Every structure is written in C-alpha cells, then in structure tokens.
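Q: Please take a close look at the largest pocket: which residues line the largest pocket, and which residues surround ligand 1 and ligand 2?

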Amino acid sequence: GIIRKPAAFISTICDERGQELSYCGVPISQVLERQLGVGGVISLLWFQRELPEWACKFFELVLIVTADHGPAVSGAHNTMVTARAGKDLISSVVSGLLTIGDRFGGALDRAAADFCAAYDRGLHPQEFVNDKRARGELIMGIGHRVKSINNPDSRVRELKAYVTSRWPAWPVTRYALDVEAITTRKKPNLILNVDGIVAAAMVDLFRHCQLFTAEEGNNYINMGSINALFVLGRTIGLVGHYLDQKRMKQPLYRHPWDDITYMSPLN
Ligand code: ACO
Ligand code: LMR
C-alpha cells in the first residue's frame, strides 16, 4: 500500500482548503450569519468549542475595557517612543507588547493559577495573604499604581458586575474579592485589579461552569490562555497610539536631562 509521509504539522482549529474557510469546523458564513462576533471567534479558535453567548460577550467586554489605559502606561509609552523613532507599525506595537508581564497587564495567568490553587486547597483568604507575605511574594492580580478603594477602577466594577450577574458559578471570583477585602485593609491601592478580576472569572469559566473537563480547564489555565485576552485587547490601543503619533508627525523623542539622575560610580 501507499506509505503516507507523516505530516510535519497538525492543526485543529482552522481549515482554509475547501470552498469556504472554517473556524474549528464552523464555516465563516455561519459565523457571520449567526452573529457569533469576535467573542465567538475567540471561543472557536482558542478553545475549540462554541461557548455560550454570556461567555463570548465576556471576552468582548474584556477586549473593550483593556483596549487602552492612556499614554502613561508602559506599553503605550514604548509604542509612542518607537513610533517617534521612525519605526513601522509592527515594530512599534511589538515594542509596546513586550512590556506586558507580571507587573503590567501580564499577571493574569499567574493570578489564575494562584487563586485556583489556593481555592482548591481550601486555604482561607487570610491564610493565602499570610502565605504570600511569608514567602516575600506579591499577590498577582492585586495592586494598582493609581487606582485604589478611594479612586475605584470602573473597568473592574463593570467586569465584576457582569460576572456576578451572568456566571452560573463564580467561587474563585468570590475568593479573589475576599482576598481584596483583606489586602485593601493594609493599603488602599491593593485592590483586585483588571488582571486579577479577569483571571478569577476565567478560572470560574474553565473550572466551575460545566463547559470544560477539569483536565481541559487546568490545561488552559497553565498554558497562557488568560494573558492572551489582555494582549489582544491592548493591541487595539497600541495601534491607536502608533497612528496618533504618526498622524501628528511627532519628532524623535529624547528624554530631558533634568529628569535623569546621573550617578557615576567613580565620583
Ligand atoms: N501583593 C502584596 N503586596 C503588594 C502588592 C501585591 N500584589 N503590590 C504592592 N504591594 C505592596 C508592596 O510590597 C509595598 O509594600 P511596602 O510599602 O510594605 O514595601 C507596597 O505595596 C507598594 O509596592 P509598590 O511595588 O511600590 O506598588 P506599586 O503601586 O508601585 O505597584 C503594581 C503596582 C506594579 C501593580 C503592584 O501592585 C504589583 O506588582 N502587583 C502584582 C502584579 C499585578 O497584578 N500586575 C498587574 C497590574 S494591573 C495592569 O497592569 C492592567
Ligand atoms: C493598564 O490597564 O494599563 C493599567 O491598569 C496599568 C496602569 O498603570 O494604568
């Protein structure tokens, strides 16, 4: 018989070979006709299933509220500086994206893993906070530079209202809010931040809403899928900052000397 050469790649999410492109088996015409939206496309291409409308709408809500947070944050700043150095769209956007990490916009995956593990172990929120302090570790998903209980983050309020009214079960979100109640007693800016609320809600989606098996849910939590929501959302804003700088023909940026402390080790 014919010996088939083993394929170099296996792909399970998208097929462009037939007459019509399909996302995880759903023809693109159906995606449009059934108005699955960007949330539905995320559901198909990232999670290989049609998630319910309330979950797809949540993805869209996250994209909307994370799209931008002003020119002062690390990502936008890098994109603007790069655009002003004369670079192209991709270089400028990538330079902004590269700032996403534990401190800025990329704390979702670790927050999800930590909240999930603490909840699964039955650790009281106070024990979780104590444990983190004893290890000298920051709690991922907690804290903000400018937002606090006295200057609340409306993005977090919107996300919280959505999850608590639409999720069939949200015990890990409850857990994260209980952690926030403890940390904000220590310092008013130690709020549950955007990364934290999205992370907790996604753990509930993966683990407590009967949409994924426990193994699938754990795999998605561990493989970096939750940070992807912030990355995708913020890309919208970074493109905006690139176009903004180009539109205004902003010149090369050079940081002022008087805002730098020069300290030579030799004098
Ligand atoms: N857990 C425990 N303690 C914290 C945390 C935290 N997550 N964040 C700050 N603190 C404490 C610090 O230990 C410090 O305590 P001290 O005064 O006793 O030394 C104090 O709060 C101030 O710490 P800073 O690092 O100066 O706080 P800052 O306001 O600059 O940091 C930041 C804000 C970077 C968000 C920080 O809270 C943090 O790293 N949080 C965890 C990571 C995270 O969630 N990042 C996503 C932020 S949201 C976003 O980017 C969309
Ligand atoms: C953001 O969305 O960029 C932030 O919450 C970070 C910030 O400091 O505003």
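A: What follows describes the pocket and then each ligand in turn. This is a predicted model, in which local features need pLDDT of at least 70 and side-chain atom pairs count only at pLDDT 80 or more, while totals for chains, interfaces and linings use all residues. Residues are numbered from 1 along each chain as its sequence is written, chains are lettered from A and ligands numbered from 1 in the order in which they are written, and side-chain values use heavy atoms, with hydrogens and water left out.

The largest pocket (on a 1 Å grid over the protein atoms alone, an open set of points where a 1.4 Å probe fits, with protein on both sides within 12 Å along at least five of seven lines) has a volume of about 1100 Å³, a volume being the space filled by probe spheres set on the points, which are joined across faces, edges and corners. Its lining, made of residues with an atom within 4 Å of a point, comprises 35 residues, and Arg103, Ile142, Gly143, His144 and Arg145 lie nearest the centre. Helix 7 (125-135), helix 9 (171-186), helix 10 (194-208) and helix 12 (227-247) are the elements that each give two or more residues to this lining, helices being DSSP runs (H or I) of at least four residues, numbered from the N terminus. By class, the lining has 14 nonpolar, 10 polar and 11 charged residues, with Gly counted as polar.

Ligand 1 sits in this largest pocket, in the sense that more than half of its atoms lie within 2 Å of the grid points. Around ligand 1 there are 19 residues, of which Gly105, Ile139, Gly141, Ile142 and Arg145 come nearest; a residue counts as near if one of its heavy atoms lies within 4 Å. Among the polar contacts (pairs of N or O atoms within 3.5 Å), a polar side-chain atom of Arg145 is 2.5 Å from an oxygen atom of ligand 1, and a polar backbone atom of Ile142 lies 2.8 Å from a nitrogen atom of ligand 1. Taken alone, ligand 1 exposes 910 Å², of which the protein buries 72%, with accessible areas from the Shrake-Rupley method and a 1.4 Å probe.

Ligand 2 also has the largest pocket as its space, and is surrounded by His69, Val73, Phe104, His144, Arg155 and Arg234. Polar side-chain atoms of His69, at 2.6 Å, and of His144, at 2.7 Å, each approach an oxygen atom of ligand 2, and an N or O atom in the side chain of Arg155 is 2.8 Å from an oxygen atom of ligand 2. Taken alone, ligand 2 exposes 260 Å², and the protein buries 81% of that.

Notes:
Polar contact = N/O pair within 3.5 Å; in protein donor to acceptor, adjacent residues only side chain to side chain.
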